[in-house]
Amino acid sequence: MNKRKIYPILVLILVVAVYGYEHFLKTEEATIIISEGKKTKENTNEFFLPTSTTGQIVHHKGYSLSYSEPHEQAEWVAYELKKSQLSNTNFDRPYFEIDKAVKTGAADWKNYKNSGFDRGHLCPAGDRRYSKEAHDETFLTSNISPQEHNFNAGIWNNLEQKVRYWASKYDGVFVVTGGVLKGNMETIGYERVAVPNQFYKVLIDTNSGKTKMIAFLMPHENSNKPLYEFVVSVDTIETLTGIDFFPELDDALENKLEASNSYKDWSF
DNA sequence: CTGGTGCGC
DNA sequence: GCGCACCAG
């Protein structure tokens, strides 16, 4: 067979392969979204999603996220922690996997190897112990951020445990968490995963009477201070990150709750 | 609980 | 790559 005959065939194979791969990616993503079931505005998982500053929102069964490709991590991860989901089941920790649902390519876990930083969960594995599937799903690289071990196992861990306490006490809470991806940041690994200088967590409770919010902003370092010392208004975090946290909420209520840095409604 | 490294197969 | 032992805050 001469070159004139073989080139069109090679081109055809290439086109089919690329199309097939794209189709595979879209099919996989669609499956993930459909697998969450019908979403309505009454479903808090959708209702309380923040805005994305990056244009790439990914839905998993147990949480949703907005991925920032330049920083190789999520700008936020959001999920509802229901009281009924609290569990002490001990699943083995699986290996981290690159999140294939991130179209631009989620970070490789190898970036973290020997970096000196923890692979810090944003949606904690401890919040998804109600099934092995949900637990394993938190071990996607789109759900982690580089964290100092003393911070992750220290005050950040304390805050995560407090969230579980509140989920129990207030019959569930909706959680949004992430690193502040602004300013000069150290990077790790060949993909230059950014190391945030601050981390935040925003909570809303709509299940125990009147709607209430609380937000935390923590420097990326361990601390022995009490958790309430890190409470700020939601507005403060919105200004820092450019994220609008509860856009679907009634405007008057949203404005009032997000301006407050009071923690009187939350039991420490 | 939150994580890590090293070793053998 | 996977399972397992062992370590740290």
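**Exercise 1.** How do the residues of the surface near DNA strand C divide into nonpolar, polar and charged?

*Solution.* Keep in mind that you are working with a predicted model.

Step 1: List the neighbours. DNA strand C is surrounded by Tyr95, His149, Asn150 and Ala153.

Step 2: Sort them by class. Tyr and Ala count as nonpolar, whereas His and Asn fall among the polar residues.

Step 3: Write down the tally. The surface near DNA strand C has 2 nonpolar residues, 2 polar ones and no charged ones.

**Exercise 2.** Find the polar contacts that these neighbours offer to DNA strand C, and say which part of the strand each one meets.

*Solution.* Step 1: Start with the bases. A polar side-chain atom of His149 sits 3.0 Å from a base nitrogen of DNA strand C. Ala153 also reaches a base nitrogen of this strand, but with a backbone N or O atom, at 3.4 Å.

Step 2: Move to the sugar side. An N or O atom in the side chain of Asn150 is 3.4 Å from a sugar or linking oxygen of DNA strand C.

Step 3: Check the overall balance. Sugar or phosphate accounts for 38% of the atoms of DNA strand C within 4 Å of the protein, and bases make up the rest.

**Exercise 3.** Now turn to DNA strand B: how many residues surround it, and which elements supply them?

*Solution.* Step 1: Count the neighbours. There are 15 residues around DNA strand B, the closest being Arg119, His121, Gly126, Arg129 and Asn152.

Step 2: Assign elements. Strand S4 (118–121), helix H4 (149–152) and helix H5 (155–169) each give at least two residues to this surface. The largest share, 4 residues, comes from S4.

Step 3: Sort by class. The surface near DNA strand B holds 1 nonpolar, 8 polar and 6 charged residues.

**Exercise 4.** Which parts of DNA strand B do the side chains of Asn114, Asn152 and Asn157 meet?

*Solution.* Step 1: For Asn114, a side-chain N or O atom is 3.3 Å from a phosphate oxygen of DNA strand B.

Step 2: For Asn152, the partner is a sugar or linking oxygen of DNA strand B, 2.7 Å from a side-chain N or O atom.

Step 3: For Asn157, a polar side-chain atom lies 3.2 Å from a base oxygen of DNA strand B.

Step 4: Put this in context. Of the atoms of DNA strand B within 4 Å of the protein, 90% are sugar or phosphate, with bases forming the rest.

Key. Residues are numbered from 1 along each chain as its sequence is written. Chains are lettered from A and ligands numbered from 1 in the order in which they are written. This is a predicted model: local features need pLDDT of at least 70, side-chain atom pairs count only at pLDDT 80 or more; totals for chains, interfaces and linings use all residues. Side-chain values use heavy atoms; hydrogens and water are left out. A residue is near a molecule or strand if one of its heavy atoms lies within 4 Å of it. A polar contact is a pair of N or O atoms within 3.5 Å; within protein, one must be able to donate a hydrogen and the other to accept it, and residues adjacent in sequence count only if both atoms are side-chain atoms.
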